Amino acid sequence: MLPTTPGATPIAQIALDIPVSRLFDYLAPGLTRQDIGLRVRVPFGRKEMVGVVMDLIPDSNHDKHKLKPILEIYRDAPALPTELLRLLNFCSDYYHYPLGPTVMAALPTTLRRSQPIHIKLAHAWLLTSAGLALSADDLPRHAPAQRALLDTMRDGLAHTGATLTAICSGYRGIVKTWVERGWAAQINLPARLHAPPVAADTAPQLTPAQQDAVTRINAAFTNYQAFLLHGITGSGKTEVYLHLVASALERGGQALLLVPEINLTPQLTGVFRARFPHIEIATLHSGMAEGERLAHWLAAAEGRARIVLGTRLAVFAPLPHLALIIVDEEHDSSFHQQDGLRYAARDVAVVRAQQQGVPVVLGSATPALESWHNAQNGRYTLIRLDQRAIASARLPVINLIDTRSSKPEEGLSAALLAAIRSRLAAGQQSLIFVNRRGYSPALMCFECGWGAACARCSAKLVLHLRDRQLRCHHCGHVESVVHACPACGNIDLKPGGFGTQRIEDALTRHFPEARILRVDRDSTRKKHSWPDMQRAIHKGEADILVGTQLLAKGHDFPKLTLVGVINADSALYSPDFRATERLFAQLMQVGGRAGRASEAGEVLIQTQFPDHHLYRLLQRHDYAGFAASLLAERAAAGFPPFVHQAVLRAEAGKLDTALAFLHQAQGAAPHMAGITLFDPTQASMARKAGVERALLLVQSPARKPLQAFLSAWMPQLYALKANNVRWNLDVDPLEI
Ligand code: ADP
Ligand code: ZN
Ligand code: ZN
């Protein structure tokens with residue numbers, strides 16, 4: 001018998017998309033440490049699955065004779081860099097979510113399939129700058145297919161035949177004509193991700209404050225340091241980002257820029273392409289077609305794309321030469337993933353920067369209180385931009401309309417109407433900010449107090465008058481409007497409260513001659529109609545805008561000089577302790593839309609509480625003062641950031657089932673000092689889509705003991721009998 005070297009066949013530890021907190025061992029003949037991070041196909045039960053090699057070890061804890069060999073190793077995409085595997089390991093530990101699903105969730109869908117990808121050089125088409133400048137009116141009137149193609153390609157990205165066929169099967173003929181006219185270009189994917197350079201843009205002279213910010217951050221380039229860039233709206237944060245990205249590029253590195261909204265990516269991509277015309281930019285967000293997302297992901301992974309711009313999921317992009325991370329609008333709640341791996345991309349970005357020894361810049365006009373607190377206690381370095389970048393642009397004047405004395409009619413007070421009228425006469429735009437879509441958030445009987453409610457959720461139905469429907473904004477349930485009170489028979493049902501449609505109707509009655517444009521999720525549902533609306537607003541084709549926070553974010557409308565706020569007060573008495581923080585941020589943001597160019601802007605807020613300190617501080621544009629008062633409140637009440645929280649949520653068909661599970665979980669909790677376990681309770685939204693929801697809050701003054709507790713508790717939870725219950729853990733929850 002030939003002597004065998006023990007451990008000659010290495011064992012690969014594979015991450016699989018199986019919800020258990022362990023890796024799976026397979027025999028991996030021929031694999032070396034270079035193969036860590038590659039995808040493999042393995043047998044699993046009677047199926048085959050794709051997984052990622054996380055480690056190679058000489059021996060297994062399992063019986064080596066029972067281990068199966070891996071079936072295939074895919075070398076079609078670069079291995080996930082070790083630094084990324086380390087980050088994913090951290091996320092799995094910190095958020096207490098199984099490692100396999102964490103790793104697999106970081107891959108584009110195509111790479112999760114158990115078959116190799118075929119990266120053939122596919123033809124793709126994208127609009128040139130001439131094409132990007134087209135409006136729908138430049139196309140033949142009766143050509144819906146051409147318009148739809150134009151809409152899709154307006155994002156400036158390269159689209160393959162697969163995407164374009166889905167929009168119009170005759171796309172080839174159309175794009176061929178466009179190429180001939182110079183509106184579009186044909187390229188090979190994955191050669192370039194974006195159109196050849198549009199007109200290049202040159203950097204303006206930085207303001208002294210911007211220069212100071214850039215200098216200070218540049219000095220930290222070879223180390224981890226977290227900066228909080230607190231810049232008022234219009235202070236020119238984007239210009240600071242552009243300079244920092246240039247520094248990263250000069251060092252041969254890759255820069256990662258995270259933004260909150262898909263809506264903001266095309267706009268920002270355009271800015272970066274103009275500034276860095278010869279640099280490949282990858283964009284990553286959930287709205288991309290599978291093939292395009294893969295092409296961009298690969299460009300990042302191969303290091304070809306030197307700038308990667310994306311929404312929260314981009315925090316897990318593989319970046320072999322990562323040199324800088326920027327999180328724009330870092331306070332935005334869309335950085336929080338609310339299912340599966342529940343993570344906060346801003347926090348993950350900071351950890352990633354720390355692990356890789358690179359700077360991270362968190363930018364906002366209204367930082368999250370957590371970030372502000374970290375800047376106060378020295379964990380982050382605070383850099384402020386206190387002036388608007390364009391010298392003539394002044395901050396808006398914020399005035400309050402006391403609705404106790406100046407009673408609004410159909411939501412609009414006489415003072416607000418007069419202000420709109422004066423803007424109309426001057427040829428300027430007004431924006432009316434309403435934080436609800438639909439006609440009104442309730443349909444009520446004022447005889448007996450009945451209100452239309454969703455049968456499947458603990459929520460009121462929203463009246464959508466134009467469609468004669470009542471809709472649940474939580475579960476999507478739709479029913480037709482009832483004409484009599486089901487409780488008392490009263491036929492005089494009335495809307496309660498104001499949504500965008502109701503305000504739009506009221507404005508139409510007051511200003512029949514004005515061009516009114518409503519911007520909310522209903523009016524922009526048609527893909528890409530929001531970019532069309534933005535163009536229309538820019539060109540001055542609307543006089544009055546009515547909209548939700550969709551309108552509040554990051555858009556620059558030069559003719560806009562008045563912002564009216566209709567129903568802000570409700571946040572002042574919300575049970576959610578973060579409601580006022582969000583309100584202040586929202587009002588600062590929406591106020592920042594007014595008077596960005598040479599015109600000074602005015603913000604008019606209708607309120608019953610004109611003396612509330614939130615409004616007083618807002619009038620002074622005093623974020624720091626507001627943050628200080630909030631921090632004092634939170635410290636006194638024992639809320640984050642002075643405590644750290646995790647929430648165990650349970651969902652079941654019956655509330656008792658969910659609560660019973662949580663009581664078991666409470667009973668199974670290890671006793672540890674410094675940990676407070678609250679009693680299980682109903683969630684603030686107790687029923688959603690027919691499912692009852694309950695939660696158990698865990699709290700600790702420090703992160704470390706909380707993490708130690710959760711690590712000890714999780715195995716106990718997995719061991720519980722959870723019949724008919726779905727549960728999950730949310731670390732650092734945004735809402736409780
Ligand atoms: P923020 O993101 O901080 O709200 P922006 O980055 O949108 O602000 O900048 C506001 C405006 O100021 C933009 O129109 C931008 O082009 C302009 N701007 C920024 N920096 C400069 C500068 N150094 N010189 C001239 N204009 C600038
Ligand atoms: Zn009634
Ligand atoms: Zn519902």
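Colleague: Which protein donors does the zinc ion (ligand 3) have, and how far from it do they lie?

Modeller: Bearing in mind that this is a predicted model, the donors are the SG atoms of Cys-454, Cys-457, Cys-472 and Cys-475, lying 2.3 to 2.4 Å from the zinc ion (ligand 3).

Colleague: What geometry does the site of the zinc ion (ligand 3) have, judged by the angles among its donor atoms?

Modeller: As a general reference, the ideal angle at a metal with four tetrahedral donors is 109.5 degrees. Here the angles among the four donor atoms run from 106 to 114°, and the site of the zinc ion (ligand 3) is tetrahedral.

Colleague: What spacing do these donors follow along the chain, and where do Cys-454 and Cys-472 lie?

Modeller: The spacing is C-x2-C-x14-C-x2-C. Cys-454 sits in the loop between β18 (442–445) and β19 (462–464), while Cys-472 belongs to the loop between β20 (469–471) and β21 (478–480), so the pair ties together parts that are 18 residues apart in sequence. Both Cys-454 and Cys-472 are buried.

Colleague: Turning to ligand 1, which residues around it come nearest?

Modeller: There are 17 residues around ligand 1, of which Gln-205, Gln-210, Gly-234, Lys-237 and Thr-238 come nearest. A backbone N or O atom of Gln-205 is 2.7 Å from a nitrogen atom of ligand 1, and a polar side-chain atom of Gln-210 is 2.8 Å from a nitrogen atom of ligand 1. A polar backbone atom of Ser-235, in turn, lies 3.3 Å from an oxygen atom of the ligand. Of the 560 Å² of accessible area that ligand 1 has on its own, the protein covers 72%.

Colleague: How does the shell around ligand 1 divide by residue character?

Modeller: The shell has five nonpolar, eight polar and four charged residues, and helix α8 (residues 237–250) gives the most to it, with three residues.

Note on methods: Residues are numbered from 1 along each chain as its sequence is written. Chains are lettered from A and ligands numbered from 1 in the order in which they are written. This is a predicted model: local features need pLDDT of at least 70, side-chain atom pairs count only at pLDDT 80 or more; totals for chains, interfaces and linings use all residues. Side-chain values use heavy atoms; hydrogens and water are left out. A residue is near a molecule or strand if one of its heavy atoms lies within 4 Å of it. A polar contact is a pair of N or O atoms within 3.5 Å; within protein, one must be able to donate a hydrogen and the other to accept it, and residues adjacent in sequence count only if both atoms are side-chain atoms. Accessible areas come from the Shrake-Rupley method with a 1.4 Å probe; for residues, only the protein chains shown count as cover. Helices (H or I, at least four residues) and strands (E, at least two) are DSSP runs, numbered from the N terminus. Ala, Val, Leu, Ile, Met, Phe, Trp, Tyr, Cys and Pro count as nonpolar, Asp, Glu, Lys and Arg as charged, and the others, Gly among them, as polar. Donors are N, O and S atoms within 2.8 Å of the metal (3.2 Å for Na, K and Ca); water is not among the atoms, so sites may look incomplete. Four donors count as tetrahedral if all angles lie between 85 and 135 degrees; four count as square planar and six as octahedral if opposite donors are over 155 degrees apart and all others between 65 and 115; anything else is irregular. Buried means under 20% relative accessible area, exposed over 50%, partly exposed in between (1.4 Å probe, protein chains only).
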